[in-house]
Structures are given as structure tokens and as C-alpha cells.
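Thanks for making time for this, everyone. I would like to walk through one model with you, so please keep the sequence and the view in front of you as I talk.

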Amino acid sequence: MAAGSTYTPIATTTLGTTTSSYTFSSIPSTYTDLVLVLYGYGASSDGSSIICRVGNGSTDTGNNYSTTRMGGNGSASSYGRYTSAAFMRFAALTGQSTSSSNPTSLVVNFMDYASTTAKKTVLNQISQLGGSYPGTELNANLWSSTSAINTIEIYPYLASFAAGTVITLYGIAAA
Amino acid sequence: MANTYTLIQSITVGSGGAANMTFSSIPSTYTDLKIVGSTRIVGNGEGSNPPISRGEITFNGSGGTYSVCMMYGLPNQSPTTNSAGGSGGSRSFYAGSSVGNLAAASIFSNFEIYIPSYTSSLAKVILINDVTENFEVATTEDICAISWSGTSAITSIKLNDYGNSNYAQYSTASLYGIKNS
């Protein structure tokens, strides 16, 4: 692999204050795939899911998303599916803890995000092992649109990210 | 262009086998770490049927508390979840898997370990994917999370077999640094 040319940071933030949502906008279409990495904990509502909307120009708030998930919390494995939803669920079993001792790690892959012919598949893995809803989870999401993604909004459902949460978006180039 | 995905170190086990693969003196100049590995063990490890053994991971030599949550699938079985925990030096934390010598020749397990914010002053939460496909004789696919309570930067990472077998020749692991600026 040609190191340095395939994992380019597009934007990154370390949240300075409690933040209810964070948006990457004006994402260039020059990469093949995107990878989003989040590390941090919640400021409110222990056990909150982390969700995401994407769009072109602005985030799509319509019911154009679906998620299929599977995960385990150490005592029970589970799966689920959400269709015609208003957002992608990066976590459904695993809830973000509000304790700094129990941070959440999340890695998201947006495949072929700039395509104008394919609907967008988004894979994510998320884990958090403390608080009320520990677990590890692997989800497949779909944005049912052939528009290129140039906006990504991520936020805890009805909650906020704590200050210090690190969110980075990388571009992966095939060549 | 900034060099943001950099090979820090690659280890390949020689003909004598190796009890572990250890990355040491990891610089703090990156944001995240990623390990990609392909492993096989010399003995049976902890299992003969299927001939698959879990792996252990240890950060910074010793210390801290580990929590593990995993979900794995075996052929024709519903996914199973399991958890464990323990203090540093215990054998209660797993990462990846390795096929044993009862598996077909030349079969290796493969895994990927992602460590976000490895220099953070918070606890670390590590994401792991691993898979073993043994020509339909015995397969596993696993997602795993490990939480390590250590609040200092990760400077060394040791990988070894949970069943105390040596890694076989040609087992390999590569450590990459990923930088967000």
C-alpha cells in the first residue's frame, strides 16, 4: 500500500464543549471511501444510541434509511432491523455511557460515498463496556439515495457528546 | 501529502515459532493504531474441536483492568455472546484467534484490531474483528471489544495465544499508526 495517500484526514475535531450534534460538510468527492472514527463519552442520558444522517448539500431528514444490526452484551446476543427510518443507527444495543471511565469507540465505513448510481451502504462497529448498556455491535446501514454524500451529521439520540470527544473523518483513495 | 497511515512495525514469526509477538516503544505521534494479523499456532491451543484458540492482548506490560465483550459465530449455530474481565496479568482478555495444528495445512486466522485515541488519558476501548475459515471444517467469525482501564498512552502491545501455544512460522502482525492531522 502506498502509505500516506490512502488515509487522508479530511476533518477532525476534539469537542471543546458539550455538543448535541456534529456535522462534516463540504466533503470532497475525490476519495473512494470514507472512514469516520469517534472516541468519547456522553454528557447526558446514559445509554443513548448514536445515530447519523447524511446528505448532499444538507442532511436528509426523510425516512430514507435502514439499519440491520447484530451484537452482544456478554449475556445475550441480539439482532434487529429498522426500515424506513429517519436516521441510521450506529448503536442500538450499545448505549453511550456518561462516565469518562467508559468511553465509546466507533469506526464507520462509508463505501463508494461519491457514487451517483449506487445507494450508499454504511458499515459500523461500536463498543462500550460500562454503564447501563455495555456491548459490542456490528451494523449495516443504507441511505436509499444515489446522491453523493457530502454531508454527515452524527449525534447521540436525545443526548449530547461530552467535551473531549474526538471525531475524525478520513478519506480512503483507491488510487 | 502528510503521511497519515504509516507502518510502525511488522513482525513475522520464524521457523522456530514464537511465544508472542510484541510491539514495543510505540511512538505517541499518531492518533489511532491499527494491527492487521494472520496467525496459526503450533499446538492445539485451547481447543481441538474446533481447532481454534483465542488470542490475548496485553498493553504496557501489565497493570490495569480489562473487560471483554465478544460475539462470535460457529458453523450452523446462532451467534453467541460472552464477556470476561480481570486484572492485568490475568488470562481474561482475548483478541483475535488462531487455528491450531489440527486444522488443514496452510490455514491461517486473520484479524484486525483498531485502537482509537491510544494516547488518551481516558480508558481505552479496542475494536476487534477476526475470522477463521477452515474449508468448512471449522470456522469462526468474531467481533470483540476490549476495554482497558489504563489512562496512560499505550507504548507496547503483546499478542499471544490464550492456550499458551507458540505462534507458528509465517504468522505475522503489522502495526500501523493513523494520524488525524
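In chain B, strands β2(B) and β11(B) pair in the antiparallel sense, over 4 bridges, and within that pairing Asn20(B) stands opposite Asn160(B) in β11(B). I should say at once that this is a predicted model, and everything I describe today is computed from it. Staying with strand β2 of chain B, which spans residues 20–23, you can see that it has two faces: Met21(B) and Phe23(B) make up the covered face, whereas Asn20(B) and Thr22(B) make up the uncovered one. So that Asn20(B), the residue I just placed opposite Asn160(B), belongs to the uncovered face of its strand.

If you follow chain B on from β11 (157–161), you come to the loop that leads to β12 (172–178), and Asn164(B) sits in that loop. Asn164(B) has a positive phi of about 65 degrees, although it is not a glycine. Is Asn164(B) buried or exposed? It falls in between: with 14 other C-beta atoms within 10 Å, Asn164(B) counts as partly exposed.

Stepping back to chain B as a whole, it has 0 helices and 12 strands. Of its 181 residues, 46% count as buried. Taking the contacts in chain B with a separation of 6 or more, residues 24 or more positions apart account for 78% of them.

Let me turn to chain A. Chain A likewise shows 0 helices and 12 strands, and buried residues make up 49% of its 175 residues. Its C-alpha atoms fill a box of roughly 40 × 35 × 30 Å along the principal axes. What radius of gyration does chain A have, and what would a compact globule have? A compact globule with 175 residues would have a radius near 16 Å, and chain A has 15 Å, which agrees.

Within chain A there is an open sheet of 4 strands, in the order β2-β11-β4-β7, with antiparallel pairing. The edge strands of this sheet are β2 (22–24) and β7 (88–89) of chain A, each of which pairs on one side only. Between β2(A) and strand β11 of chain A, which covers residues 151–156, the antiparallel pairing runs over 3 bridges, and Tyr22(A) stands opposite Ile154(A) in β11(A). Strand β4 of chain A, residues 50–55, is joined to β11(A) by 6 bridges, again antiparallel, with Gly55(A) opposite Thr151(A).

Just beyond this sheet strand is another residue that I would ask you to find. Leu158(A) lies in the loop between β11 and β12 (166–172) of chain A, and it has a positive phi of about 55 degrees although it is not a glycine. Leu158(A) is exposed, because 11 other C-beta atoms lie within 10 Å, and the cut-off for exposed is 12 or fewer.

Now for the interior. The largest nonpolar core holds 81 residues, and the members that touch the most other members are Cys52(A), Phe90(A), Ile152(A), Ile126(B), Ile128(B), Ala145(B) and Ile146(B). The largest share of this core, 6 residues, comes from strand β5 of chain B, residues 65–73. To take one of those well-connected members, Cys52(A) is in contact, leaving aside neighbours within four places in sequence, with Phe87(A), Met88(A), Phe90(A), Ile152(A), Glu153(A) and Ile154(A).

That brings me to where the chains meet: 33 residues of chain B are in contact with 34 residues of chain A. On the side of chain B that touches chain A, the elements giving two or more residues are β1 (5–12), β5, β6 (80–87), β9 (124–133) and β10 (139–148) of chain B. The residues of that side divide into 18 nonpolar, 14 polar and 1 charged.

I will finish with one residue of chain A that reaches across. Pro103(A) is in the loop between β7 and β8 (104–110) of chain A, and it counts as buried, with 29 C-beta neighbours inside 10 Å. Which residues, apart from neighbours within four places in sequence, is Pro103(A) in contact with? They are Tyr39(A), Gly40(A) and Tyr41(A), together with Leu122(B), Ala123(B) and Val125(B).

Note on methods
Residues numbered from 1 in each chain as written. Chains lettered and ligands numbered in written order. Predicted model: local features only at pLDDT ≥ 70, side-chain atom pairs only at ≥ 80, totals over all residues. Core = buried A, V, L, I, M, F, W, Y, C linked by C-beta atoms within 7 Å. Buried ≥ 20, exposed ≤ 12 C-beta atoms within 10 Å, placed from the backbone. Contact = placed C-beta atoms within 7 Å. Nonpolar A, V, L, I, M, F, W, Y, C, P; charged D, E, K, R; others polar. Pairing = 2+ DSSP bridges. Rg over C-alpha atoms; globule rule 2.2 N^0.38 Å.
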